[in-house]
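Student: I have the sequence and the model open. Can we go through the strands, the ligand shell and the domains in turn?

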Amino acid sequence: MMQQKNQQTDAVIIGAGPVGSYTALRLAMLNVKTDVYEEHTEIGLPSHCAGHISIRSLKAIGYYPLPKGIIENTFNAANFYSPSGTKFSVRLKTPVTCALNRAKFDQYIANQAQRAGATFHLGQPVQSLRVENGYVKGVNLKDGTPVPSKITIDTEGISSRLLHQAKLKGLNGKGLVYAVETEIDQVHDVEPHAVEVYMGSNAPGFYGWLIPRPDGSAKLGLATDHGNPQTYLRNLMTKHPIAKRQVKGAKIFKTNYHAITLAGPINKAYSNGFLAVGDVASQVKPTTGGGVIFGLTCGEIAAKVAKSALNSGDVSAKTLSAYQKHCNKTLNFDISFMLRLRQFLNSLSDERWNSVLRFCNRLGVDKALSDVEEIDYQGRMITQVATKPAILVALGYFGLLYLLANP
Ligand SMILES: Cc1cc2nc3c(=O)[nH]c(=O)nc-3n(C[C@H](O)[C@H](O)[C@H](O)COP(=O)(O)OP(=O)(O)OC[C@H]3O[C@@H](n4cnc5c(N)ncnc54)[C@H](O)[C@@H]3O)c2cc1C
C-alpha cells in the first residue's frame with residue numbers, strides 16, 4: 001500500500017497520532033486519497049499519555065466498547081487530595097471514564113484508516129511545508145522527497161515545528177506545563193476503580209495522578225508549570241502523606257516526558273491549503289490537559305471541510321475558515337469555562353486547598369455530582385448540575401475565591 005513518492009495526493013497528513021490517524025480515517029471514508037507521514041517507525045510509540053478518557057465521549061464517536069486489550073480499566077470514582085492529605089471523593093453511579101492503552105488505541109485507529117483506504121508512511125519525518133504563491137501545496141520529507149498535495153493537514157502534536165511555515169501562530173510556550181508520566185509495578189491502599197488526584201504545590205500549575213490497573217500496576221505522573229517535573233514526582237512519591245503510602249516499594253519501569261498545552265485553542269488553525277488539528281492547534285482541555293476527544297472531534301470537522309473544499313476546487317483560507325467556525329462552535333463555551341477554572345485552580349494556596357476540599361465534603365458536593373456522566377464538556381456539565389443547592393453554594397464560594405485571587 002506504499003504510495004509512489006512524488007505522485008500528487010489529495011490530502012497529506014503530518015503525524016500518525018490519534019488525531020492524524022482519525023482525520024485520515026474520516027477523509028478515507030469520504031473517498032479522499034489520503035497519505036499519512038509519521039516520523040516514528042511504529043505507531044503509538046513512544047507513548048506519553050495517561051489515556052484517561054470519558055466513556056460517553058468515546059461512545060459518541062463509536063469507540064466504546066473497544067477490542068480486548070485497549071481498555072485497561074474503567075472508573076466510577078476519583079479521590080482528590082490536598083498536599084497535607086485532606087481528601088474529597090466523588091463516587092458516580094456508573095463508570096464514566098476509562099484508561100486506554102494509548103499505543104494500542106493509536107494503532108487501532110491507524111488500522112481502521114488503512115482499511116478505509118488511507119496510506120501510511122512510517123519512519124518518514126516531514127521536514128517542511130511546500131509553499132507556492134501563498135498556498136501550502138504538500139510537504140517535503142526529511143530525505144528530500146517532495147510530496148505534492150491539494151490539501152495539507154498538520155497533526156504533528158505539541159512540537160508544532162511546521163505551523164509557522166503556514167503563517168500561523170503557535171503558542172510560543174504560553175500555557176504549557178511539563179509532564180512526567182511513569183509506569184509503576186505496584187500500588188497499595190488504592191480503590192481498583194478510582195483515580196487518585198494530588199492537587200496544590202505537589203504539582204504547581206497542574207496536578208498529579210495515579211491511574212490503577214487491575215493487575216496492581218499503575219500509571220503515575222504529574223505536570224508542573226515550572227521546575228523539574230521529575231523532582232516534583234520524587235517528592236510526591238516520598239513526602240506526600242497519602243501518595244507515599246500508595247506507592248511504597250513501587251518500581252518505576254517506564255518514564256516519559258512531554259509538554260501539555262492548557263492555553264486553549266489557537267485563534268487561527270487554517271490558511272491557504274492548510275489545516276491544523278489536535279495538540280498542534282492546542283485543542284486540549286485547559287483543566288485536565290485531555291486532548292484526545294477534542295482532537296478527534298476537530299479531526300472529523302477538518303475532514304468534512306477538506307472534502308467539501310476539494311470538491312469545489314477551492315482550498316483557499318476563506319473556504320477553509322469553515323473549519324475554525326465549526327470547531328469554535330463546538331468547543332468555545334466549554335473552553336472559556338475551563339480556562340477560568342484553570343486560573344482558579346492555579347490561584348489556590350495549599351492552605352486554601354485544604355479548606356476547599358473540606359468545604360466540598362461538608363456541603364455534600366460529592367452527592368450532588370453522583371449522576372454526572374459528562375466530563376469532557378465541563379461548561380455544559382456545570383450548567384446541568386448547577387441547579388442543585390450544594391453545587392450552587394459551591395459555585396458561589398469558588399466564585400468568591402476566584403474574585404479574591406483575580407481582583
Ligand atoms: C503526560 C500526558 C498525559 C496525558 N494524558 C491524557 C489523558 O489522560 N487523556 C487525554 O485525552 N489526553 C491526555 N494527554 C494529551 C494527549 O496525549 C494529546 O492531546 C494527544 O496525544 C494529541 O494527539 P495528536 O495526534 O494531536 O498529537 P500526538 O499524539 O502528539 O501525535 C503527533 C504525531 O505526529 C508525529 N510527528 C510530529 N512531527 C512530525 C513530523 N515532522 N513528521 C512526521 N511525523 C511527525 C509524532 O511522532 C506523533 O506520532 C496527555 C498528555 C501528556 C503529555
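Student: In which sense do strand 10 and strand 11 pair?

Tutor: This is a predicted model, in which local features need pLDDT of at least 70, side-chain atom pairs count only at pLDDT 80 or more, and totals for chains, interfaces and linings use all residues. Residues are numbered from 1 along each chain as its sequence is written. Helices (H or I, at least four residues) and strands (E, at least two) are DSSP runs numbered from the N terminus, and two strands pair if DSSP finds at least two bridges between them. Strand 10 and strand 11 (residues 146–154) are joined by three bridges, and their sense is antiparallel.

Student: Which residue of strand 11 is the bridge partner of V139, and which residue of that hairpin takes a positive phi near 95°?

Tutor: The bridge partner of V139 is V147 in strand 11. Four residues lie between strand 10 and strand 11 in their hairpin, and the one with a positive phi near 95° is G144.

Student: How many bridges join strand 9 to strand 10?

Tutor: In the hairpin of strand 9 and strand 10, two residues lie between the strands, and N133 takes a positive phi near 50°. E132 has Y135 of strand 10 as its bridge partner, and S128 stands opposite N140 in strand 10. Strand 9 (residues 126–132) and strand 10 (residues 135–141) run antiparallel, and the number of bridges is five.

Student: What is the strand order of the open sheet of three strands?

Tutor: The pairing in this open sheet is antiparallel, and the order is 3-7-4. Its edge strands, each pairing on one side only, are strand 3 (52–54) and strand 4 (71–75). Strand 4 is joined to strand 7 (residues 97–100) by four bridges, one bridge pair being I71 with L100. The order is thus 3-7-4.

Student: Where does the ligand lie with respect to domain 1 and domain 2?

Tutor: A residue counts as near the ligand if its C-beta atom, placed from the backbone, lies within 6 Å of it. The ligand is surrounded by 37 residues, the closest being G15, G17, G157, G278 and G291; elements giving two or more residues to the shell include helix 1 (18–29), strand 12 (176–184) and helix 6 (292–312). Domain bounds come from an automatic or database domain assignment. Because domain 1 (9–47 + 103–171 + 265–337) and domain 2 (74–99 + 174–261) both give residues to the shell, the ligand lies between them.

Student: What span does helix 6 reach from its first C-alpha to its last?

Tutor: The expected span is 1.5 Å times one less than the number of residues. Helix 6 has 21 residues, and G313 just after helix 6 takes a positive phi of about 75°. Close to the 30 Å expected, the span of helix 6 is 30 Å.

Student: Which helix gives the most to the side of domain 1 that touches domain 3?

Tutor: The C-alpha centres of domain 1 and domain 3 lie 35 Å apart. Nine residues of domain 1 are in contact (C-beta atoms, placed from the backbone, within 7 Å) with nine residues of domain 3. With four residues, the element that gives the most to this side of domain 1 is helix 7 (residues 317–347).

Definitions and conventions. Contact = placed C-beta atoms within 7 Å.
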